[in-house]
Amino acid sequence: MLGDLHEEYVRYAVAERGSARARLWYWKQVLAVLSHYRSPQRMLLPWVREGVDRNLTGFAHALVAVAGGLRQSCGSLWRDRAFAGGAVLTLAAGIGCSAIAFTVVRGVLLGPLPYDRPERLVEVGGHLPGVMGRDVAASAPEYRDYLRRARSIDGLAATLSLGASVTDSGRAVPIQAVLATPNLFALLGVSPALGRDFESGDLRGTVGNVAIISYAAWLEFFSADPRALGRTLRVDQDLITVVGVMGRDFKHPGAPDERPVHLWMPMGVAEGNLLDGRGARLLTLLGRLRDGVSLDQSQAEFRGIARELERSHPDYYPRGSGWDAVVIPLQRKIVGAARGTLLLFGGAASLVLLLACANVANALLSRGDQALRSEQRAPRAVALLLAGEGLVLAAVGAVLALPLAWLGTGLLTHAAAAEVPQLQSVHFDDSAVWYVFGASLLALLACGIAPATRLLIAAPIRPPRRGSATAWLSGNRVRDVLAAAPLASALVLCIAAGLMVRSFQRLAAVDPGFDGDRVLTLQARLPVPNDPRTGRFFEVGQRVAFFDRALEETRALPNVVDAGVISHLPMRDRNGWTFRIVGQECEVRDGLPTLEFRVASPSYFDVMHIGLVRGRHLAPSDDRRSPYVVTVNQALVTQYFSNRDPIGQRLALGGPGNRQAEIVGVVENVRDSALDADPRPAAYASYRQHVGVDMTFVLRTETRPEAVAAAAADALRRVAADVPVFAAASMQEIVARTVAQRRLLTWLLSLLAGLAVLLAGAGVHSTTVAALRQDRPAETILSAPRRAAPISPLAAAGRYGLRLAALGIGIGLLGAVGVAELLARLWSEISQLDPVVFGGSAALFLAIAIVGALLGRAGSHRHGGADLAGPLTPP
Amino acid sequence: MPKGEYLGEFEQLVILALLRLERNAYGMTVRRELEKTAQRPVALGAVYATLDRLEDKGLVASWHTDPDPSRGGHPRRYFKVEPAGEQALARSRAIMQRMWDGVELGELGEATS
């Protein structure tokens, strides 16, 4: 139509009306199109026109073309509502999933921590693999050494997190306390919302008797009374004066959401105080990088300091211990292992978005081909129609994706808050809306612009000559690749999910070494005042008496079969100690010998069904008056006694000068850190000979363990009201927590894989429908080998499905090998080339491709199939 | 006759213009033919809207030529009347004739027709 207007303008209008009136006439004609012409997008191309005032008409043309084009595209989509609905849902699912992943990944990995310039905050830790393992805490002498020598940091604070109890109400309320050097808040760049920061005068001795409390503690203990400042709290029998209240949004760095910090007390790290001792690795160190210093430079400096310490204190950093100091950005430290889970989730969700876009692009391309070949529309018109349809689909998809993403983010943050740090503070915000907008632009680009451009480039006005370059471009390769790409990405997701599920199955079959069924666990913590000697549980006899009574009371409860107590519960707590076998030279080559040291009641082994291998169990008669004895596990015997009889041998526990214990028995191995980790060497001492402060009661019950929890907590409170009892959980729940992140990722990947399989199946189906609808004989469309006798459409569809499957599965398997390697890096026991998962998934996708193609054949038949054929040129 | 098969006046005029123009029927010539013969101002948009509608009904067919540099690089879209279009036109004419049978107009009517 533009051509006609142009021709008339040049040939007649100017001559008949004069230049000015001709232009006016042209303009009127253009505007008249708005009310008359229903598909004006045909006049949009090309933009350059000679002899016509571009400035005057260009905008009007664009306006008319866009408005009319969109109207036309909407109409065209409305006529094919089934396709439009499917495409919109596909895009909404793709955009929604990726928006959820974006919000969560961004919020957790990149979301700013609530401190001043948080990107400059670091944690200074250490590795001591030969003695205690990687990521060990620091000691007070190390803190002083760093403070003196390090130039790359602008301040270093030490913190010590511990449990305590507030007993003002007459009942012990368990709280989480942090002892911190007075510079902590200044280093973080935050100050209390009420009251003041710590001052130098607050510190007398190791711990000062003042506290800054959290907003939550202010609500709980002072009912948000502004006069709380100057009042006292009884914390572990000490009277502590409140000097400040932190703001509502403040969170202690790295404190888990389910265990927030209630109060901070000033701590001194001077030489000779209670916390001193180079081997006492209790402190977490937070530093701020000096301006202009990079992380690498700081790391290099701390590494240098570590080497100096190694030379000056060889006793503490022996050769072979692998000692090193490490500087880690605070954000990365807080997110920890969840980083891998989140990145994998993000990657999987992006694959689903790409898959959705490829599917819709493919379907639009097929529509374009059909319009071009069967309805003899002009390529430009079809291209514009496609671009318009892509725009409408992407826009509606984005609108639907918004509530989906909002809902999904809410569900995920609610369900996985315990597994992923910082997740609770993630919300669906402006940036998520912008992301949806961006993702829909990507969808538009993929679904509208790409097929339209491809049509414009490749679609000829007359049918292409066989074998020409145009024929190749306008052929089916683009369509086939677009149909195979979703298959490939869905296969990658499916294999990843399959590997995770299989690893889960393997874990479920692992024997942890104890029977956690119907076992209730309950933590109790004896109060320790700032001056421990004044505590009412300071004497060993007092502690033993408490635990004896507590065990008696809990055993007497209805539905309780037996009760025991342990210092470090397997699957939750660790307690690595160095040791030496008395009379045996210790060679420090691969590090010092270490074991897991646990203090337990003899009944603990009965409750947990941990069997005896040799010798005897710990006995009630092993008390302070009898010789110090331990039982050890089989792993220790295998590793350090070369399977010689260890009974009667003596172990020196915890470094030079410590107590020596005689081995009286060997017990079965227990997987103490995780189901997929081998049992470590362990030694058990009796609670009557070596009593801890933090102990966990284990109760074997006749009913559901949770049903007994309240009664058991009451029983323990009856024994001592000032001992907080908390964290009641069944043993099964504690085991489940060790695999929680893996379970989360398995769920997420499985959901995404299920969605991807659906989308890929739908993609194959619609591609086959499109292929068979086209106006050429089936065997050429389907690129079957050329032969004289035509093949049946059913066979052609099957063959087409097979070809798509081969292409998709081939690409998908290659991708899956890479993903499997990534997963195996996160979880070592994942079998990278699991034949069941790889073979099963490939077979599943083969079936999906063939069934999709055959159903597509039926679909094409229903829609009239190849009957749409017609001449491409006029007679 | 089912609803929709009767041609409107402008549709009849457009088909007649196509038949008169024979192989030279494209947007501009159709518009000029209508203005010249029917002596009424016609917008190109109205012509194309009608042609598209007729094509949707299968009454006319169109095809594009190669892009023409003298037309700013635009191809020409030629139209021709399909047999169904000729039949529809004939039917419309027959209807009108049946309606006119026995109708006598006065002098004023004769003068304006």
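This is a short tour of two helices, one in chain B and one in chain A, in a predicted model.

**Stop 1: helix H1 of chain B.** Select residues 9–21 of chain B, which form helix H1. Its end C-alpha atoms are 18 Å apart, and this agrees with the expected span because 13 residues at 1.5 Å a residue should cover 18 Å.

Now colour the buried residues of H1(B): Glu11(B), Leu13(B), Val14(B), Ile15(B), Ala17(B) and Leu18(B). What do the buried residues of H1(B) pack against? Their partners in chain B are three helices, H2 (27–38), H3 (44–56) and H4 (83–100), together with strands E1 (60–64) and E2 (77–81).

Step past the end of the helix to Glu22(B), which follows H1(B) and has a positive phi, near 55 degrees.

**Stop 2: H1 against H3 in chain B.** Add H3(B) to the selection. The axes of H1(B) and H3(B) come within 10 Å and cross at roughly 85 degrees. An angle from 65 to 115 degrees counts as roughly perpendicular, so that is how H1(B) and H3(B) lie to each other. On the H1(B) side, show Phe10(B), Glu11(B), Val14(B) and Ile15(B); on the H3(B) side, show Val47(B), Thr50(B), Leu51(B) and Leu54(B). These residues make the contact, and by class six are nonpolar, one is polar and one is charged.

**Stop 3: helix H11 of chain A.** Move to chain A and select residues 379–415, the 37 residues of helix H11. From first C-alpha to last, H11(A) reaches 50 Å, close to the 54 Å expected at 1.5 Å a residue. Where in H11(A) is the kink? Centre on Ala401(A): a kink of about 30 degrees lies there, shortly before the proline Pro403(A).

Note on methods:
Residues are numbered from 1 along each chain as its sequence is written. Chains are lettered from A and ligands numbered from 1 in the order in which they are written. This is a predicted model: local features need pLDDT of at least 70, side-chain atom pairs count only at pLDDT 80 or more; totals for chains, interfaces and linings use all residues. Helices (H or I, at least four residues) and strands (E, at least two) are DSSP runs, numbered from the N terminus. The expected span of a helix is 1.5 Å times one less than its number of residues. A residue is buried if 20 or more other C-beta atoms lie within 10 Å of its own, exposed if 12 or fewer, and partly exposed in between; C-beta atoms are placed from the backbone. Two residues are in contact if their C-beta atoms, placed from the backbone, lie within 7 Å. Axes are lines fitted to C-alpha atoms, for helices over the stretch in contact, and angles run from 0 to 180 degrees between N-to-C directions. Angles under 35 degrees count as roughly parallel, over 145 as roughly antiparallel, 65 to 115 as roughly perpendicular and the rest as oblique. Ala, Val, Leu, Ile, Met, Phe, Trp, Tyr, Cys and Pro count as nonpolar, Asp, Glu, Lys and Arg as charged, and the others, Gly among them, as polar. The bend at a residue is the angle between axes fitted to the seven residues ending there and the seven starting there.
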